Amino acid sequence: MIDIDRLDWRKQGGLIPAIVQDATTLQVLMMGWMSRESLAITLHDGRVTFYSRTRNRLWTKGETSGNTLQLVNIEVDCDADTLLVQANPNGPTCHLGRASCFPAAPANVLAELDGVITARERDRPDGSYTTRLFQSGVRGIAQKVGEEGVEVALAAVAQDDKSVLDESADLLFHLLVLLRSRGMSIQDVLSVLADRRG
């Protein structure tokens with residue numbers, strides 16, 4: 001838990017910059033300013049709230065657009081004068097309708113793809129290859145993962161680098177679909193890998 005009183009509120013006249021990052025894709029979404037009160041509200045309610053310098057008041061992201069930011073975690077930097085806010089966005093963060101105020105900010109492509117696959121599983125759009133995979137069930141998807149794994153191995157010993165990369169991309173896609181069909185995600189795999197570090 002963050003100790004609000006230990007933050008350095010003096011440097012910016014009672015405000016602290018807060019860099020907001022998508023908790024899933026790790027893409028930087030925006031930067032805003034937080035006051036003691038807006039940080040306290042964010043920690044209490046779980047909806048990211050800032051202090052608007054132009055409006056001179058508290059401002060909860062999405063209060064008019066509905067595109068809120070649901071708090072996941074907050075990290076304090078080494079000087080205790082900047083916050084890294086990890087949140088799950090509900091809709092585009094940027095007022096221009098973009099996911100990020102920094103449109104070229106890097107993101108975790110696998111996490112983004114996992115989000116698309118999650119939407120396909122939920123919505124099952126007609127004509128979607130991913131929908132057909134989900135309709136084939138876990139066994140059908142597992143068979144595709146096996147086939148793609150063999151294709152990666154064969155490409156590695158008999159084809160060029162582009163073929164290895166293309167087949168590897170196919171394998172990763174089908175593996176994400178398999179994980180989702182079992183109620184898991186790439187984040188669950190990354191957590192296992194993180195636990196194995198050391």
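**A walk through two cores and a pocket**

Let us start with helix α4, whose buried residues pack against α2 (109–123), α3 and α5 (186–196). The model is predicted, so local features need pLDDT of at least 70 and side-chain atom pairs count only at pLDDT 80 or more, while totals for chains, interfaces and linings use all residues. Residues are numbered from 1 along each chain as its sequence is written, and side-chain values use heavy atoms, with hydrogens and water left out.

A few terms will help on the way. Helices (H or I, at least four residues) and strands (E, at least two) are DSSP runs, numbered from the N terminus. Buried means under 20% relative accessible area, exposed over 50%, and partly exposed in between, with a 1.4 Å probe and protein chains only. Contact means heavy atoms within 4.5 Å.

Back to α4, then. The buried residues in this helix are E167, F173, H174, L176, V177, L178, L179 and R180. Helix α4 has 21 residues (161–181), so at 1.5 Å a residue it should span 30 Å, and its end C-alpha atoms are indeed 30 Å apart; the expected span is 1.5 Å times one less than the number of residues. Just after α4, G183 takes a positive phi of about 80°.

One of the helices beside α4 is α3 (residues 129–158), and V152 has its place there. V152 counts as buried because its relative accessible area is 16%. Leaving aside neighbours within four places in sequence, V152 is in contact with E167, S168 and L171. The C-alpha atoms of V152 and W9 are separated by 54 Å, and these residues lie 143 places apart along the chain.

W9 also appears among the contacts of I4, a residue in the segment before β1. Again leaving aside neighbours within four places in sequence, I4 is in contact with W9, R36, L39, A40 and L43. I4 is buried because its relative accessible area is 17%. Although I4 and E37 are 33 residues apart along the chain, their C-alpha atoms are separated by 9.5 Å.

Now to the cores. A nonpolar core is a set of buried Ala, Val, Leu, Ile, Met, Phe, Trp, Tyr and Cys residues joined through side-chain atoms within 4.5 Å. The largest has 21 residues, and F50, L83 and V85 touch the most other members. Strands β1 (16–22), β2 (28–34), β5 (69–76) and β6 (83–89) each supply at least two residues of this core. A second, separate core of eleven residues includes I117, L133, L178 and L179.

Strand β2 turns up again at the largest pocket, where it gives four residues, the largest share of the lining. On a 1 Å grid over the protein atoms alone, a pocket is an open set of points where a 1.4 Å probe fits, with protein on both sides within 12 Å along at least five of seven lines; lining residues have an atom within 4 Å of a point. About 460 Å³ of space lies in this pocket, a volume being the space filled by probe spheres set on the points, which are joined across faces, edges and corners. Of its 23 lining residues, M30, M31, R55, W59 and K61 are the closest to the centre.

Finally, look at the loop between β3 and β4 (57–60), where N56 is found. N56 is not a glycine, yet its phi is positive, near 60°. N56 counts as exposed because its relative accessibility is 57%.
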